[in-house]
Protein chains: 6
Amino acid sequence: ARVTPRFAGLCTFCRYPMLEAVAPENRPVDWVIYGVPFDAGVTFRPGARFGPRAIREASQYVKPYSIEHGVNICDVLSLADAGDAPIKPFALKGTLDSVSEFAVGIGQREKGARLMAVGGDHSIAYANMKATWELRGRPAGGLALVHFDSHLDTIDMTGGEKWSHASPFRRAVEDGILNPRSMLSIGIKGPINAGTDLDYARDNGVTLVTYQRWRSEGVKTIDAFLARLSDQPVYVTFDIDCVDPAFAPGTGTPSIGGFTSAEAFGLIRHLARAGRGLDVIGADVVEVLPDRDVAGITSLLAGHVMFEVLCLNALARRAGRG
Amino acid sequence: ARVTPRFAGLCTFCRYPMLEAVAPENRPVDWVIYGVPFDAGVTFRPGARFGPRAIREASQYVKPYSIEHGVNICDVLSLADAGDAPIKPFALKGTLDSVSEFAVGIGQREKGARLMAVGGDHSIAYANMKATWELRGRPAGGLALVHFDSHLDTIDMTGGEKWSHASPFRRAVEDGILNPRSMLSIGIKGPINAGTDLDYARDNGVTLVTYQRWRSEGVKTIDAFLARLSDQPVYVTFDIDCVDPAFAPGTGTPSIGGFTSAEAFGLIRHLARAGRGLDVIGADVVEVLPDRDVAGITSLLAGHVMFEVLCLNALARRAGRG
Amino acid sequence: ARVTPRFAGLCTFCRYPMLEAVAPENRPVDWVIYGVPFDAGVTFRPGARFGPRAIREASQYVKPYSIEHGVNICDVLSLADAGDAPIKPFALKGTLDSVSEFAVGIGQREKGARLMAVGGDHSIAYANMKATWELRGRPAGGLALVHFDSHLDTIDMTGGEKWSHASPFRRAVEDGILNPRSMLSIGIKGPINAGTDLDYARDNGVTLVTYQRWRSEGVKTIDAFLARLSDQPVYVTFDIDCVDPAFAPGTGTPSIGGFTSAEAFGLIRHLARAGRGLDVIGADVVEVLPDRDVAGITSLLAGHVMFEVLCLNALARRAGRG
Amino acid sequence: ARVTPRFAGLCTFCRYPMLEAVAPENRPVDWVIYGVPFDAGVTFRPGARFGPRAIREASQYVKPYSIEHGVNICDVLSLADAGDAPIKPFALKGTLDSVSEFAVGIGQREKGARLMAVGGDHSIAYANMKATWELRGRPAGGLALVHFDSHLDTIDMTGGEKWSHASPFRRAVEDGILNPRSMLSIGIKGPINAGTDLDYARDNGVTLVTYQRWRSEGVKTIDAFLARLSDQPVYVTFDIDCVDPAFAPGTGTPSIGGFTSAEAFGLIRHLARAGRGLDVIGADVVEVLPDRDVAGITSLLAGHVMFEVLCLNALARRAGRG
Amino acid sequence: ARVTPRFAGLCTFCRYPMLEAVAPENRPVDWVIYGVPFDAGVTFRPGARFGPRAIREASQYVKPYSIEHGVNICDVLSLADAGDAPIKPFALKGTLDSVSEFAVGIGQREKGARLMAVGGDHSIAYANMKATWELRGRPAGGLALVHFDSHLDTIDMTGGEKWSHASPFRRAVEDGILNPRSMLSIGIKGPINAGTDLDYARDNGVTLVTYQRWRSEGVKTIDAFLARLSDQPVYVTFDIDCVDPAFAPGTGTPSIGGFTSAEAFGLIRHLARAGRGLDVIGADVVEVLPDRDVAGITSLLAGHVMFEVLCLNALARRAGRG
Amino acid sequence: ARVTPRFAGLCTFCRYPMLEAVAPENRPVDWVIYGVPFDAGVTFRPGARFGPRAIREASQYVKPYSIEHGVNICDVLSLADAGDAPIKPFALKGTLDSVSEFAVGIGQREKGARLMAVGGDHSIAYANMKATWELRGRPAGGLALVHFDSHLDTIDMTGGEKWSHASPFRRAVEDGILNPRSMLSIGIKGPINAGTDLDYARDNGVTLVTYQRWRSEGVKTIDAFLARLSDQPVYVTFDIDCVDPAFAPGTGTPSIGGFTSAEAFGLIRHLARAGRGLDVIGADVVEVLPDRDVAGITSLLAGHVMFEVLCLNALARRAGRG
């Protein structure tokens with residue numbers, strides 16, 4: 001950044017190199033980050049297809065050293081931008097398949113690389129989770145998941161449409177990719193369409209830390225979940241709408257009364273469990289809708305969420321874990 | 001919402017039916033919501049006349065079930081949108097009279113219906129309070145009031161103009177509509193024009209919980225007020241500018257350093273007194289100025305404030321009170 | 001407008017009555033206007049699903065008397081807003097079918113009513129044209145069409161997807177709904193993907209008045225087309241992107257270097273053929289994307305395009321034609 | 001401008017000196033420019049009260065030499081900013097009186113100074129015209145007027161309110177301030193509320209050059225008017241909404257299909273009658289509503305309209321006229 | 001404010017009088033406030049040169065009485081706006097010299113006046129601190145400093161450029177103007193370019209209260225610093241980017257996860273040490289970039305920060321200190 | 001575009017390949033396009049440093065086939081994006097040198113490649129012209145130039161600063177790079193600072209087609225210039241501010257009353273001299289300031305200007321010239 005200014009040059013995520021340009025000594029890369037410019041899964045406002053592009057641009061201002069964790073992620077991890085996954089604008093399920101295939105392909109070429117998908121609407125989380133699960137050899141029982149969101153995303157819509165941004169985790173549970181008993185949802189809040197919308201998550205053992213619960217009890221339930229998880233690998237999905245629209249106006253289904261950015265960062269950092277880090281094996285950051293954004297703050301926030309999630313893994317890696 | 005998408009159809013408040021279209025089995029309605037597209041009472045930025053329209057549009061995304069309270073307000077209450085009150089753009093007092101008359105008329109036709117006015121500037125609170133008071137048979141001593149605001153709104157301007165958005169509660173006290181000893185003002189903050197601007201409220205026994213007081217003592221004074229109020233009916237007025245401009249940029253006299261949306265919701269929900277609910281007999285939400293809004297977040301916030309206030313009454317109603 | 005101010009009340013198109021509220025003496029209505037909040041047909045920016053809502057709001061400021069034509073359309077025509085057609089957010093062809101069915105249903109109930117669809121993306125033109133054609137008894141040879149657009153919309157995409165906003169008129173020709181030899185496209189301009197994209201239109205006899213052709217020859221070719229058309233009924237489709245993005249920034253595939261609003265109005269008014277009017281039997285106004293709009297000028301323009309098209313028919317009607 | 005950059009310093013209109021700071025050798029000033037931050041006369045969108053402030057800021061970039069006329073207005077005219085007139089936010093007629101009084105006072109102190117009022121809504125034109133008329137000794141028959149506007153502003157509203165931005169010229173005619181037979185309205189266009197809205201202007205001999213008439217006949221009627229006017233002094237009123245909303249989005253009652261900025265400048269410049277200039281004895285520029293503006297282009301346009309009007313007088317002055 | 005409305009008149013900071021217009025009885029003034037429209041020191045987004053202008057406009061709505069402190073600053077302090085310092089757009093060091101010289105000149109004319117500079121980028125803090133230090137007779141050891149910021153601003157860039165908004169305090173330490181052991185930096189946060197960027201501050205004894213530290217320990221370290229400082233005079237520098245971009249989007253190097261406005265006000269007010277006030281001898285508020293602002297909230301925040309800092313001194317003055 | 005959607009993938013200018021990724025069969029490339037993210041040369045609003053980035057993003061929607069010219073530029077020319085030139089944010093002349101050197105280096109590696117620079121402010125035109133001139137062997141007499149602009153850019157500022165966006169062509173003339181007698185300036189307009197600002201251009205034989213001159217005489221003078229130029233190679237510089245701010249709000253020194261986009265395109269296309277094309281040997285497009293842009297229309301316009309200029313050369317190339 002001090003050689004080329006941050007306002008110059010082509011835009012890759014956080015100025016990490018393009019995958020094809022990674023130096024041999026940095027291969028195989030540790031994390032491959034790719035965009036999924038797709039929003040056919042939305043139920044309200046479309047436009048998240050422009051999310052990856054906006055986040056690439058805004059993230060030119062994301063720096064590599066975390067004061068809070070005392071770690072420079074670029075010293076610990078080899079990171080790369082693999083461009084955008086192939087998508088089919090008019091086909092929801094077809095796109096999820098093609099994204100998974102793309103991601104698996106990369107993971108096979110870059111042995112051991114972990115996958116971070118940048119959305120796009122939340123439906124794409126299914127595709128990246130599935131690819132992660134397949135690259136791990138389809139572990140029985142499915143993956144563990146930390147899920148930041150205002151919405152449960154385990155809803156089946158009345159129209160019968162099974163694939164949308166309201167249902168990725170229900171589909172992932174059904175397909176054995178996700179273990180609902182190892183799923184922690186943070187930031188859920190109302191109002192919702194019906195009380196029964198909570199049933200699937202509750203019936204399947206998902207741990208719910210609603211926004212209100214967090215206000216009243218703090219990180220108690222989260223700590224219990226993490227203790228249970230121990231050093232097991234975990235996938236992290238971050239829907240930007242768990243942060244209040246004042247901080248993240250650029251999203252399609254804004255939910256009033258959410259976290260401040262600082263609170264959200266505090267929660268992600270808390271997953272580092274006092275410096276141990278977290279064995280994050282895959283991640284996504286989704287639901288950035290640039291046309292509704294203001295001064296680019298939502299995209300800039302998304303770039304920093306990517307950074308904070310990578311920090312968790314950098315700490316674990318530095319400590320010899322994950 | 002799962003039959004007609006939230007981006008389709010004509011816009012009524014929160015997708016509640018228009019009053020003339022309410023099914024017979026849902027009559028008389030419990031709450032009549034109406035707009036007051038009026039801003040001739042402002043002292044700084046006009047434009048709140050477009051508030052009702054913007055809130056109708058944004059509130060298409062307000063859902064009926066509160067996770068926090070565990071109640072679906074549409075199961076408990078019959079709600080309707082009565083359109084906009086007749087206003088006279090060039091006549092302040094004349095408009096207040098015509099709004100009161102309109103509201104009383106509705107209340108007489110829909111026996112027992114409560115009135116929620118959506119502003120418009122804060123001057124209109126007088127009109128809706130007066131109508132509420134009249135429909136209740138002009139109770140001696142006046143109504144109790146919970147008042148969310150950055151400003152006291154009990155100021156007489158030097159020019160001699162008695163009617164404006166700076167004075168509705170002073171006028172209401174003078175006319176016997178409002179009991180100042182049963183008035184709680186939450187969120188008041190400086191800077192103000194002069195120290196003496198606080199005198200009227202203090203001299204008349206209004207309970208003041210300034211923003212700073214809330215930061216230091218929490219809900220202590222509020223709880224004392226509620227205990228004193230017991231199950232007495234109460235009117236709720238919510239000026240959107242008690243929320244910080246980061247969350248509510250679309251307002252005419254923004255006040256820096258206010259509540260977050262989550263804090264404001266927490267305070268409204270606290271009025272439910274651990275599930276008892278509140279016998280809210282009338283309400284207003286005011287001072288939304290769409291031309292200054294950003295990504296519609298102020299209007300969306302206003303829609304959710306309406307919802308949270310209705311929840312208070314739904315809880316009371318479900319518990320057989322209010 | 002002088003009784004209820006233009007900033008008050010619920011929003012219907014141009015303040016015309018809702019269809020169910022039309023007085024008996026104004027029935028059957030002459031024109032039924034309905035929204036199609038749909039954008040799954042786009043190839044670039046989505047968001048036109050919010051077009052009908054934005055146009056309803058902006059068109060509160062559309063007045064009924066044309067100085068230019070000397071006609072008050074509300075004196076000549078009975079106009080109504082029928083709300084939004086049912087759409088299926090995740091199904092392109094299914095939506096076109098359901099919109100057609102909805103429109104035919106209205107046309108059958110309101111004998112002789114003409115249909116104006118307000119988009120939504122341009123794919124929906126197919127549905128409204130088809131309904132118009134069916135209500136007319138499926139005339140052999142298909143309808144005549146005046147088409148304002150920057151794009152030909154007769155393109156088949158390489159992916160094989162047949163239904164999108166790039167192809168409605170190709171589909172309409174194939175299905176016998178549209179007669180390409182009676183089709184006039186005004187405002188077409190480059191750059192385009194390939195020179196061969198012009199072939200289908202040219203091979204099938206569409207009359208092309210590109211923007212550049214209009215600049216050099218004026219209305220000569222248009223006049224020849226109108227002369228050939230004589231008093232035959234005609235469908236009018238207006239894609240807002242034929243107007244330059246300075247005037248219509250709120251659209252999904254903006255095309256730089258287009259008409260000014262005044263030039264576009266001049267061309268529509270020219271279709272009145274010096275006061276004869278035009279027997280417009282159906283129409284649509286499409287591709288308004290409010291999230292990209294600025295100060296609502298695109299939506300306001302769309303409302304006035306609706307007005308100008310209705311004027312054409314009002315003149316013909318007043319003259320005993322159409 | 002080359003000593004202090006245009007982004008530095010307090011903002012006066014076009015960087016002209018404040019009236020109290022004008023050097024003795026430049027006194028009495030030729031033109032006094034003052035703001036009227038008032039919008040209680042509007043029928044639709046308020047907010048023009050912020051017009052003077054926004055125009056002061058944007059006009060920091062208005063330079064003094066006209067290439068088109070070959071004149072540097074600051075070499076020919078002594079210009080000053082007198083600040084804002086005193087207004088009464090809650091009193092329409094009271095404000096017009098107080099503005100007139102303020103303007104007459106200035107004119108009396110600065111012998112021979114002409115008055116340019118910067119609005120604010122169009123109702124204020126009455127006040128500045130009246131002051132101009134009084135300073136001239138109340139000439140019998142009233143003043144001549146060149147009026148740029150989309151609207152006639154000679155309408156009486158049904159509510160009976162006589163003072164608003166729809167009626168200033170009707171009031172001025174009634175009070176003998178304005179001679180309707182010496183009034184030229186340029187840029188009028190539809191749609192309007194009713195055909196009869198044109199009657200007052202037509203019946204009283206106002207010369208109407210509608211936008212459409214100008215498109216078809218050019219400046220023919222304008223030239224005839226100017227010839228008739230000869231070297232008689234004339235007042236110029238410019239409502240920014242005669243320019244299309246693409247160029248002037250920041251206004252309260254936008255009218256689609258108007259002049260481009262270049263066309264508007266061409267028309268003002270044409271009033272110079274090939275270098276003779278025009279004996280402009282007073283002027284106003286009104287209806288700038290900054291909250292609807294985009295990148296400040298409307299305010300910047302207004303600043304340049306002020307400049308172009310002053311050029312007319314500078315030319316006349318240089319030629320020994322006016 | 002109750003005589004002239006807040007939307008009228010020319011704009012000075014917080015409506016304080018221009019320095020040349022201060023009444024004799026209010027001379028010498030206590031605080032001179034001036035703008036520095038300069039941004040050639042930025043490393044990322046330029047545009048802060050328009051900060052003073054925007055803050056002057058927004059601060060029309062800053063009132064004089066603090067409810068929180070119970071003080072009316074205009075009763076205690078004589079305040080004035082001295083316009084903008086002369087700057088050289090193409091010369092960074094030359095500008096700092098010319099600003100210092102300008103400020104010293106004012107301080108010499110207004111005996112005892114303190115200087116508040118309004119930026120502009122943070123490089124200008126050096127100039128105002130230097131002027132303050134010189135007017136105090138160049139006290140050995142340098143000034144004490146309370147520094148609100150997300151960034152340390154003690155960085156030397158690799159290019160060798162010594163003057164920029166990244167280094168003002170390093171330069172001030174080197175020149176003896178600032179005592180690093182009496183410097184408190186509040187709100188620092190990551191990510192940063194490298195861990196070594198913290199070295200200079202740590203090695204020189206700067207007290208660091210990072211955002212995260214404040215979250216975990218509150219004001220403990222701040223209180224210790226204040227205790228050590230005792231009643232020593234102190235300079236206050238406030239970089240608006242220490243406040244989260246949701247509250248202050250209008251800045252050039254936004255830092256996600258910062259203070260809310262209310263938290264920032266709480267921290268400034270805390271410096272009053274329970275009513276003692278603070279002997280603030282100079283101050284600046286910097287890094288407001290209006291082109292990125294939203295509804296003017298950043299500029300309005302900056303105006304209130306100015307107010308809160310002045311309150312600290314008003315309290316001290318009222319108590320006979322400072 | 002029909003394989004990868006236009007909203008996917010990393011952004012290069014108009015989706016042309018990155019220089020290092022050009023296939024061997026397309027080498028050497030015909031045009032190398034590069035960005036110059038630099039704005040230290042501005043006299044008013046900075047921010048054009050973000051121009052290249054914004055134009056890369058917006059130009060994803062620029063297609064390759066010109067209907068107007070009947071040419072697909074990608075069939076005729078090999079085009080590539082070389083990224084951004086190295087710049088020195090704090091050094092104006094140093095940056096111009098480093099840009100020239102960078103451009104010469106590319107031109108030497110890609111034999112015969114022509115250079116298109118994308119600004120950045122207009123000062124950078126000097127650097128690209130100089131590189132072009134050097135690669136051509138420093139032709140005596142200097143290059144011919146077609147210059148689109150509102151401003152002459154041949155001004156020396158009073159401060160003595162020789163390098164800025166007001167003077168590139170004066171410097172180029174002085175250095176023998178540009179032949180002022182072969183320079184055509186199109187679109188110049190007032191107001192300007194002083195009448196003498198025109199002297200340098202007039203005294204040195206520059207052909208001036210002011211906006212007003214073009215309105216009155218059309219392309220007469222342009223045609224005479226082109227005739228004189230014959231098939232001589234020519235450099236084209238396009239300052240986006242020659243287009244009216246309604247079409248190009250995103251610029252630093254907007255000039256009211258300019259070309260529409262369509263008029264500007266018409267003028268560029270006219271340089272093709274009825275299909276002959278133009279031997280364009282270098283070009284730049286400058287002064288796009290994204291922070292002031294609206295819905296990206298200025299950047300999109302800039303992308304199409306690049307396309308239209310390339311068309312001129314494609315036509316000449318196809319015809320065996322240039």
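Here is a short chat about a predicted model, covering one sheet and two chain contacts.

Colleague: Let's start with the sheet in chain E: in what order do its eight strands come?

Modeller: It's an open sheet, and its pairing is parallel. The strands at its edges, β4 (79–84) and β8 (207–209) of chain E, each pair on one side only. Going across chain E, the order is β4-β1-β5-β10-β9-β6-β7-β8.

Colleague: By how much are neighbouring strands of this sheet turned against each other on average?

Modeller: Take this as an average over neighbouring strands, with direction ignored. The value is 15°.

Colleague: Zooming in on β6 and β7 of chain E, which residue does E:Leu143 stand opposite?

Modeller: Strand β6 of chain E covers residues 143–148, and β7 of chain E covers residues 178–186. They pair in the parallel sense over five bridges. In β7(E), the residue facing E:Leu143 is E:Leu178.

Colleague: Which strands of chain E does helix α8 lie across?

Modeller: There are two helices to look at here. Helix α3 (residues 92–109) of chain E lies across β1 (31–36), β4 and β5 (114–119), at about 160° to β1(E). Helix α8 (residues 220–229) of chain E runs at about 150° to β7(E), and the strands it lies across are β6, β7, β8 and β9 (234–239).

Colleague: Now the contact with chain A: which residues of chain E lose the most area to it?

Modeller: On the chain E side 31 residues take part, touching 26 residues of chain A. Between them the two chains bury about 2,600 Å², with 65% of it on carbon and sulfur atoms. Three residues together give 27% of what the chain E side buries: E:Pro191, E:Asn193 and E:Ile256.

Colleague: And how many residue pairs are in polar contact across the interface of chain E and chain A?

Modeller: Salt bridges between chain E and chain A come to zero. The side of chain E that touches chain A has 15 nonpolar, eleven polar and five charged residues. For polar contacts, with both residues at pLDDT 80 or more, the number of pairs is five.

Colleague: Over to chains C and F: how much area is buried between them?

Modeller: Here 31 residues of chain C meet 26 residues of chain F. Carbon and sulfur atoms give 65% of the buried area, which is about 2,600 Å².

Colleague: Which residues of chain C lose the most area to chain F?

Modeller: The chain C side that touches chain F divides into 15 nonpolar, eleven polar and five charged residues. Together, the three at the top make up 28% of what that side buries, and they are C:Pro191, C:Asn193 and C:Ile256.

Methods. Residues numbered from 1 in each chain as written. Chains lettered and ligands numbered in written order. Predicted model: local features only at pLDDT ≥ 70, side-chain atom pairs only at ≥ 80, totals over all residues. Heavy atoms only, no water. Contact = heavy atoms within 4.5 Å. Buried area = accessible area lost by both parts, 1.4 Å probe. Salt bridge = Lys/Arg side-chain N within 4 Å of Asp/Glu carboxyl O. Polar contact = N/O pair within 3.5 Å; in protein donor to acceptor, adjacent residues only side chain to side chain. Nonpolar A, V, L, I, M, F, W, Y, C, P; charged D, E, K, R; others polar. Pairing = 2+ DSSP bridges. Helix = DSSP H or I, 4+ residues; strand = E, 2+ residues; numbered from the N terminus. Axes fitted to C-alpha atoms, helices over the stretch in contact; angles between N-to-C directions.
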